[in-house]
Amino acid sequence: MKIKERIVNSKKHTLGFILDDNQEYTRYETVRLAKQGYISGVKVSRIGGTYYVTGTNNSLYNLPEVVSTPHRMRSRRFY
């Protein structure tokens with residue numbers, strides 16, 4: 001899978017990503033998938049105690065943006 005679009009809020013802060021399977025994932029879900037090797041073209045970086053997904057060839061900030069709505073990006077928890 002590859003990251004297709006970036007989900008941002010009104011201040012352009014990244015909330016999550018849309019992958020090429022057209023599913024929306026939070027930043028944390030994207031990090032988990034990237035660590036497991038499911039997402040190509042990205043690497044996981046650790047700054048302080050927080051993990052981030054960064055692009056290997058291009059910056060993820062160059063991706064098309066989708067502005068989040070209030071109901072979007074609720075974390076999917078698995079119980």
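Is Asn 22 buried or exposed? Asn 22 is exposed, with a relative accessible area of 54%. The legends below describe close-up views of a predicted model.

**Figure 1. Fold of the chain in the predicted model.** The secondary structure consists of 1 helix and 6 strands. Followed along the sequence, these elements give the pattern β-β-β-α-β-β-β. The chain has 79 residues, and buried residues make up 33% of them.

**Figure 2. Two loop residues with positive phi, Lys 12 and Asn 22.** Lys 12 belongs to the loop between strand S1 (3-8) and S2. Its phi is positive, about 70°, although Lys 12 is not a glycine. Lys 12 counts as partly exposed because its relative accessible area is 47%, which falls between the limits of 20% and 50%. Asn 22 sits in the loop between S2 and strand S3 (24-26). Asn 22 is likewise a residue other than glycine with a positive phi, here near 65°. With a relative accessible area of 54%, Asn 22 is exposed, since the term applies over 50%.

**Figure 3. The largest nonpolar core, with 12 residues.** Among its members are Ile 3, Tyr 25, Ile 39, Val 42, Leu 60 and Leu 63. Phe 17, Leu 19, Val 31, Leu 33, Ala 34 and Val 53 also belong to this core. S2 and H1 are the elements that give two or more residues to the core. The most come from H1, which gives 3 residues.

**Figure 4. Two buried strand residues, Ile 18 and Val 66.** Ile 18 is part of strand S2. Its relative accessible area is 7%, so Ile 18 is buried. Between the C-alpha atoms of Ile 18 and Lys 2 the separation is 8.8 Å, and the two residues are 16 residues apart along the chain. Val 66 is part of strand S6 (residues 65-67). Val 66 counts as buried because its relative accessibility is 17%, and the limit is under 20%. In sequence, Val 66 and Gly 16 are 50 residues apart; in space, their C-alpha atoms are 9.8 Å apart.

**Figure 5. The largest pocket and its lining.** The pocket holds about 300 Å³ of space. It is lined by 16 residues, and those closest to its centre are Thr 14, Phe 17, Tyr 52, Val 53 and Tyr 61. Strand S2 (14-19), helix H1 (27-35) and strand S5 (50-55) are the elements that give two or more residues to the lining. S5 gives the most, with 6 residues. By residue type, the lining has 8 nonpolar, 6 polar and 2 charged residues. Phe 17 and Val 53, listed here by the pocket centre, are also members of the largest nonpolar core.

**Figure 6. The second largest pocket and its lining.** About 210 Å³ of space lies in this pocket. Of its 13 lining residues, Ile 3, Gly 41, Asn 58, Leu 60 and Leu 63 lie nearest the centre. The lining divides into 4 nonpolar, 8 polar and 1 charged. Ile 3, Leu 60 and Leu 63, named for this pocket, appear in the largest nonpolar core as well.

**Figure 7. A lysine over a tyrosine ring.** Lys 35 is placed over the face of Tyr 51, at 3.7 Å from the ring centre. How many aromatic pairs are there? The count is 0.

Technical notes:
Residues are numbered from 1 along each chain as its sequence is written. This is a predicted model: local features need pLDDT of at least 70, side-chain atom pairs count only at pLDDT 80 or more; totals for chains, interfaces and linings use all residues. Side-chain values use heavy atoms; hydrogens and water are left out. On a 1 Å grid over the protein atoms alone, a cavity is a set of points where a 1.4 Å probe fits but cannot get out, and a pocket is an open set with protein on both sides within 12 Å along at least five of seven lines; lining residues have an atom within 4 Å of a point. Grid points are joined across faces, edges and corners, and a volume is the space filled by probe spheres set on the points. Helices (H or I, at least four residues) and strands (E, at least two) are DSSP runs, numbered from the N terminus. Ala, Val, Leu, Ile, Met, Phe, Trp, Tyr, Cys and Pro count as nonpolar, Asp, Glu, Lys and Arg as charged, and the others, Gly among them, as polar. Rings of Phe, Tyr and Trp (its six-membered ring) pair if their centres lie within 6.5 Å; planes under 30 degrees apart count as stacked, over 60 as edge-to-face and the rest as tilted. A charge sits over a ring if NZ of Lys or CZ of Arg is within 6 Å of the ring centre and within 35 degrees of the ring normal. Buried means under 20% relative accessible area, exposed over 50%, partly exposed in between (1.4 Å probe, protein chains only). A nonpolar core is a set of buried Ala, Val, Leu, Ile, Met, Phe, Trp, Tyr and Cys residues joined through side-chain atoms within 4.5 Å.
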